[in-house]
Structures are given as C-alpha cells and as structure tokens.
Amino acid sequence: MIAKLLVQNTLFVVGMGALLFAASGTLHWPGAWTYLVASAVIGPATGLWLARTDPGLLAERMRFTAREDQPRDDKWFMLMFVAVAVLWFVTMGLDRRFGGGIAGVPLIVAGLAMYLLSTVLVMWVFRTNSFASPVVKVQAERHHQVIATGPYALVRHPMYASIMLFFVGVPLMLGSWWGLAFAPLFFLMFAFRTRIEERTLAAGLPGYADYAARVRYRLVPGLW
C-alpha cells in the first residue's frame, strides 16, 4: 500500500507540473516549483502518517474509482470536479504565459502557509473520522457510524471547509489572480456536494438526520 501511495503521489505531482509548465511555456516559475515540491513532500508524509494511525482509511481513500454504491449524482460530480481542477491548473499556467503568475517571497510564504494549514485541518478530520471516504457512500462494510466530535461539532463538512484553504493558498503561491478567481466556483461545487452527501447519509446512516439537526452549519461556522 505504501508503494502504491508513493506511485500515486508521484504521478499526481508530475501531472500537475505538466499542466502548469506546458500551459505557461516556461520552467522559470518559483511559485510553481515551491508548490510542486511541497506537494511531493506533504502527500507522502500525510499518507505515511495515515498508514500508521488508520490504515483502513488510507486504503479507502486510495480507491479513486467509482463504486457501485456511490450515488450517480456523485459520480457526475467527481467527473466535473476533475475537469474543473484540470482547467484551474491550465488557467494558472496561461496566466503565467501572459505576464501574470508572478509572486514575491511574502505571497509565496502566505500561500504555502494556507496550504500547510489546510493539510493540518484535513489531518484533524482524518484523525476524527475514520469514514472520510473520497466518494459519497454509506460504508456498511466498515460499520459506518455518525461522527459528531472534533471538527464535526463545528460544521457538518469540515473536510470541504479545510480544502478551501488549499484552493486559495495555491493561486497565492503561484501569484495567479486568474486561479484565485476559481475559489468561489470550488466553494459552490462543494456546497452542491454537501447536498448529495447529506441526502445519502440521511437515507442510509442511522442517526445522521439527528446530527444534522444539532449541527446547524455546513461549511462556515456562523455563516452557512
């Protein structure tokens, strides 16, 4: 499983680099290199930590393919999300090609700090919720149950809230205002997915409807 983790992360980093540098037409992009090196370190480090603390969750998260028990709406969402993410990287590359995508050290550091904070919060989610699958489904085979502690006591979908910091931090690191303009779109996509997830869990996971009634906010405490 560790070998598979390293291969997946390497392919992911290489793929992101190919999109960014092909679209930008240059390798002279300090922000992009900072992001790729950080991803090459953070991905395996998080995976190795998860392999030690919750190998079952790591195995579940490494299965990226669609599942038979995954709602059709979520399968379509995943395809759309991948398409938008690819467009996001290409857009940031094009921004660099046409004179943008230039970040000084303070902006790179700020973006990297948001990336790291996003990672720490996601690890908190993993530590709290052993059922944090990358696809929407009720994991009966893993004795799925409602999680209401830790970040789940604040919002119903702390994973999405945490990842939003990533989608703001990366464009800052790359100095791409075009990339930052995608942040509201990603937020709307996650908001849409919360509907799919909550409908699925309320229908198939005992106690989830009561939990949703107790925890009012979906993504942003005090707002929504």
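Helix 1 passes helix 4 in a right-handed crossing, here described from a predicted model. The axes of helix 1 and helix 4 come within 7 Å and cross at roughly 35°. On the side of helix 1 the contact is formed by Met16, Leu19, Leu20, Ala22, Ala23 and Ser24, and on the side of helix 4 by Val86, Phe89, Val90, Met92, Gly93, Leu94, Arg96 and Arg97. Sorted by class, the residues in the contact of helix 1 with helix 4 comprise ten nonpolar, two polar and two charged ones.

Helix 1, which covers residues 2-24, also holds asparagine 9. With a relative accessibility of 13%, asparagine 9 falls below the 20% limit and therefore counts as buried. When neighbours within four places in sequence are set aside, the contacts of asparagine 9 are Ser39, Ala40, Gly43 and Pro44. Of these contacts, Ser39 and Pro44 are listed among the buried residues of helix 2.

Attention then turns to helix 2 itself. The 24 residues of helix 2 should span 34 Å at 1.5 Å a residue, and the end C-alpha atoms of the helix lie 34 Å apart, in agreement with that expectation. The buried residues in helix 2 are Gly31, Ala32, Tyr35, Leu36, Ala38, Ser39, Ile42, Pro44, Thr46, Gly47, Trp49 and Leu50. The partners against which the buried residues of helix 2 pack are helix 1, helix 3 (55-61), helix 4 (72-97), helix 5 and helix 6.

The pairing of helix 2 (residues 30-53) with helix 5 (residues 105-128) can be described in further detail, their axes coming within 11 Å and crossing at roughly 15°. Because this angle is under 35 degrees, helix 2 is roughly parallel to helix 5. The crossing of these two helices, helix 2 and helix 5, is right-handed. Helix 2 contributes Pro30, Gly31, Thr34, Tyr35, Ala38, Ser39, Ile42, Thr46, Trp49, Leu50 and Thr53 to the contact, while helix 5 contributes Ile108, Leu112, Tyr115, Leu116, Thr119, Met123, Phe126 and Arg127. In terms of class, twelve nonpolar, six polar and one charged residues make up the contact of helix 2 with helix 5. An α-helix has 3.6 residues a turn, so residues three or four places apart point the same way. Among the residues of helix 2 in this contact are Tyr35, Ala38 and Ile42, and Tyr35, Ala38 and Ile42 are also buried.

In the loop between helix 5 and helix 6 lies histidine 143, a residue that has a positive phi of about 55° although it is not a glycine. Histidine 143 counts as exposed, because its relative accessibility of 62% is over 50%.

Helix 6 follows that loop and comprises residues 158-174, of which there are 17; at 1.5 Å a residue these should span 24 Å, and the end C-alpha atoms are 25 Å apart, which agrees. Of the 17 residues of helix 6, 13 are buried, so the helix is largely enclosed by the rest of the structure. Glycine 175, placed just after helix 6, takes a positive phi of about 70°.

Further along the chain, phenylalanine 192 is found in helix 8, which covers residues 183-204. Its relative accessibility of 47% means that phenylalanine 192 counts as partly exposed. Phenylalanine 192 and phenylalanine 77 are separated by 115 residues in sequence, whereas their C-alpha atoms are 8.8 Å apart in space.

Methods:
Residues numbered from 1 in each chain as written. Predicted model: local features only at pLDDT ≥ 70, side-chain atom pairs only at ≥ 80, totals over all residues. Heavy atoms only, no water. Axes fitted to C-alpha atoms, helices over the stretch in contact; angles between N-to-C directions. Helix = DSSP H or I, 4+ residues; strand = E, 2+ residues; numbered from the N terminus. Parallel < 35°, antiparallel > 145°, perpendicular 65-115°, else oblique. Left-handed = near helix turned anticlockwise from the far one by under 90°. Contact = heavy atoms within 4.5 Å. Nonpolar A, V, L, I, M, F, W, Y, C, P; charged D, E, K, R; others polar. Buried < 20%, exposed > 50% of the residue type's maximum accessible area, 1.4 Å probe, protein only. Expected span 1.5 Å × (residues − 1).
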